[in-house]
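Let's get to know this one by asking a few questions and working through the answers together.

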Amino acid sequence: MTETQEELIFEKQKQRSIAYKEVFTSDLGKRVLYDLMLNSNMLSSSFSSDPLVMAMKEGERNVCLRILKLVDVDIKQLEKLVREADRYGRNITE
């Protein structure tokens, strides 16, 4: 891979991260992120004796983890998000 290709890839990743941050740091974006955290096994165990159910839960969880990574949430921010998600409860988007 040439340096120019690497630069293009880096720029695309940077722009994607900026877009995610813009969306998920807005008030509505935070509400959506809280809902995702509550309903994607971020706040509970994904264990199941059924391997297919557990794989599905892990897939849901990984989507939320990817968003958190792209938004570049640090541990303190994540703890705050978890507390806020817990405070809002499952009715946040209703």
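Q: How far does helix α3 reach from its first C-alpha to its last?
A: This is a predicted model, and in it α3 covers residues 51-71, which makes 21 residues. At 1.5 Å a residue you'd expect a span of 30 Å. The helix comes close to that, with a reach of 30 Å.

Q: Which residue caps the N-terminal end of α3?
A: Look for a side-chain oxygen that sits by the backbone nitrogen of Leu52. There is one at 2.9 Å from that nitrogen. The residue it belongs to is Asp50.

Q: Which residues of α3 are buried?
A: To count as buried, a residue needs a relative accessible area under 20%. In α3 the ones that make the cut are Cys64, Ile67, Leu68, Leu70 and Val71.

Q: Is Asp72 buried or exposed?
A: Asp72 follows α3 and sits in the loop between α3 and α4. Its phi is positive, about 65°, although it's not a glycine. Its relative accessibility is 52%, and the cut-off for exposed is over 50%, so Asp72 counts as exposed.

Q: Is Asn41 buried or exposed?
A: Here's another residue that isn't a glycine but has a positive phi of about 65°. Asn41 is in the loop between α2 and α3. Its relative accessibility is 10%, and anything under 20% goes down as buried, so Asn41 is buried.

Q: With which side chain does the side chain of Asn41 make a polar contact?
A: Leaving aside neighbours within four places in sequence, Asn41 is in contact with Ser46, Lys57, Glu60 and Arg61. The C-alpha atoms of Asn41 and Arg61 are 5.5 Å apart, though their places lie 20 residues apart along the chain. For the polar contact, at 3.2 Å, the partner is the side chain of Glu60.

Q: Which backbone oxygen does the side chain of Ser40 reach?
A: Ser40 also has its place in the loop between α2 and α3, and it's buried, with a relative accessible area of 5%. Beyond its neighbours within four places in sequence, it touches Lys57, Glu60, Arg61 and Cys64. Its side chain reaches a backbone oxygen at 2.4 Å, and that oxygen belongs to Leu36.

Q: What is the relative accessible area of Ser44?
A: Ser44 is found in the loop between α2 and α3. Its C-alpha is separated by 9.8 Å from that of Arg61, 17 residues apart along the chain. Ser44 counts as partly exposed because its value falls between the 20% and 50% cut-offs, at 43%.

Q: Which helix supplies the largest share of the lining of the largest pocket?
A: Rolling a probe the size of a water molecule over the atoms shows where empty space is left. The largest pocket holds about 240 Å³ of space. Both α2 (27-39) and α4 (75-88) give at least two residues to its lining. The largest share, 4 residues, comes from α4.

Q: How many residues of the lining of the largest pocket are nonpolar?
A: The lining includes Phe24, Leu33, Tyr34 and Val71, along with Lys30, Lys80 and Glu84. Asp72 is one of the lining residues too. Sorted by type, the lining has 4 charged residues and 2 polar ones, and the nonpolar count is 6.

Note on methods. Residues numbered from 1 in each chain as written. Predicted model: local features only at pLDDT ≥ 70, side-chain atom pairs only at ≥ 80, totals over all residues. Heavy atoms only, no water. 1 Å grid on protein atoms, 1.4 Å probe; cavity = no way out; pocket = protein on both sides within 12 Å on 5 of 7 lines; lining within 4 Å. Points joined across faces, edges and corners; volume = space filled by probe spheres on them. Nonpolar A, V, L, I, M, F, W, Y, C, P; charged D, E, K, R; others polar. Expected span 1.5 Å × (residues − 1). Buried < 20%, exposed > 50% of the residue type's maximum accessible area, 1.4 Å probe, protein only. Polar contact = N/O pair within 3.5 Å; in protein donor to acceptor, adjacent residues only side chain to side chain. Contact = heavy atoms within 4.5 Å.
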